[in-house]
Amino acid sequence: PCHVLVSRGPIDIDGRFNAPLVTTEFDPETQAAVSMAKSMSEPAATLTIVHAWQYPVGSWGLSLIGANSRPAQALRTAIVDSAMERGNAMAVAQRQATRGDVEFVLVEGSAADAVTEYAQTHQHDLIVVGSHGRHGVGRVLLGSVAEAIVRHAGCSVLVTRRAQ
């Protein structure tokens, strides 16, 4: 029922992070996660908000018609444009709320893989990810992005508990 910090790698002498990354599903809990990340980071640190996207379930047939076909490109454009609009608006709102440097990044791929790869490539020292706290069949069917990030990230990970 509580937030959990898995600490990996070096941090500043005062215990603050220099390159925090917050994952988002464009949910209300992102604001709380951003506030937590900012409070744990150096005041001048740029906060990166990342959203990972994939084609929706059931769109596997796109490979049959080709990724460069008009329908596939239209779907990709709709997904990416919508996510970029929402993400950029979120970054602007968070910049105003935290009075800090906040950027939004959109990455393609499964959430856990895309986020951990982005964090490693861009040398982030903290990933903040929400967890719905699912158990049993729900967890088996839906998987756990937070658990996969904790297992595979090379940096510290803060798992925040989301409201159910």
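Glutamate 147 is partly exposed in the predicted model. Its relative accessible area is 30%. The side chain of glutamate 147 forms a salt bridge with arginine 151, and the closest N and O atoms lie 3.0 Å apart. Arginine 151 counts as exposed, at 59% relative accessibility. Both residues belong to helix α6, which spans residues 145–152. They are four residues apart, so about one helical turn separates them. Side chains of opposite charge can pair when their charged atoms come close.

The whole structure holds two salt bridges. The other joins glutamate 108 to arginine 76, again with an N to O distance of 3.0 Å. This pair links distant parts of the chain. Glutamate 108 lies in strand β4 (residues 102–108), and arginine 76 lies in helix α3 (residues 70–98). The separation in sequence is 32 residues. Glutamate 108 has a relative accessible area of 45% and is partly exposed. Arginine 76 is also partly exposed, at 30%.

The protein chain contains six helices and six strands. Their order along the sequence is β-β-α-β-α-α-β-α-β-α-α-β. The chain has 164 residues, of which 40% are buried. Among contacts with a separation of 6 or more, 75% involve residues 24 or more positions apart. The exposed surface comes to about 9,400 Å². Carbon and sulfur atoms supply 55% of that area.

Strand β4 also takes part in an aromatic pair. A pair of aromatic rings is described by the distance of the centres and the angle of the planes. The count of such pairs here is one. Phenylalanine 26 and phenylalanine 104 form this pair, with centres 6.1 Å apart. The planes meet at 40°, and the arrangement is classed as tilted. Phenylalanine 26 sits in the loop between β2 (20–23) and α1 (29–39), whereas phenylalanine 104 sits in strand β4. The two are 78 residues apart, so the pair links distant parts of the chain. Both rings belong to buried residues.

Helix α4 was examined next. Its buried residues are Ala112, Ala114, Val115, Thr116, Tyr118 and Ala119. These pack against strands β2, β3 (47–53), β4 and β5 (126–131), and against helix α6. Tyrosine 118 is part of helix α4. At 14% relative accessibility, tyrosine 118 counts as buried, the cut-off being under 20%. Beyond its neighbours within four places in sequence, tyrosine 118 contacts Leu21, Thr48, Val50, Glu103, Val105, Val107 and His124. Leucine 21 is 97 residues away from tyrosine 118 in sequence. In space, the C-alpha atoms of tyrosine 118 and leucine 21 are 9.5 Å apart. Glutamine 123 follows α4 and has a positive phi, near 55°.

Glutamine 123 also appears in the lining of a pocket. Rolling a probe the size of a water molecule over the atoms shows where empty space is left. The second largest pocket has a volume of about 160 Å³. It is lined by 13 residues. Those closest to its centre are Gln123, His124, Asp125, Gly154 and Cys155. Helix α4 (residues 111–121) contributes the largest share of the lining, with three residues. His124 is thus named twice: as a residue close to the pocket centre, and as a contact of tyrosine 118.

Helix α3 holds a further buried position. Glutamine 94 lies in this helix. Its relative accessibility is 6%, and glutamine 94 therefore counts as buried. Leaving out residues up to four places away in sequence, glutamine 94 touches Gln31, Val34, Ile49, Arg99 and Val102.

The chain start gives a contrasting case. Proline 1 is located in the segment before β1 (4–6). Proline 1 is exposed, with a relative accessible area of 91%. In sequence, proline 1 and arginine 161 are 160 residues apart. Their C-alpha atoms are nevertheless 6.5 Å apart in space.

Methods: Residues numbered from 1 in each chain as written. Predicted model: local features only at pLDDT ≥ 70, side-chain atom pairs only at ≥ 80, totals over all residues. Heavy atoms only, no water. Buried < 20%, exposed > 50% of the residue type's maximum accessible area, 1.4 Å probe, protein only. Contact = heavy atoms within 4.5 Å. Areas by Shrake-Rupley, 256 points an atom, 1.4 Å probe, with all protein chains shown as cover. Salt bridge = Lys/Arg side-chain N within 4 Å of Asp/Glu carboxyl O. Phe/Tyr/Trp six-rings, centres within 6.5 Å; stacked < 30°, edge-to-face > 60°. 1 Å grid on protein atoms, 1.4 Å probe; cavity = no way out; pocket = protein on both sides within 12 Å on 5 of 7 lines; lining within 4 Å. Points joined across faces, edges and corners; volume = space filled by probe spheres on them.
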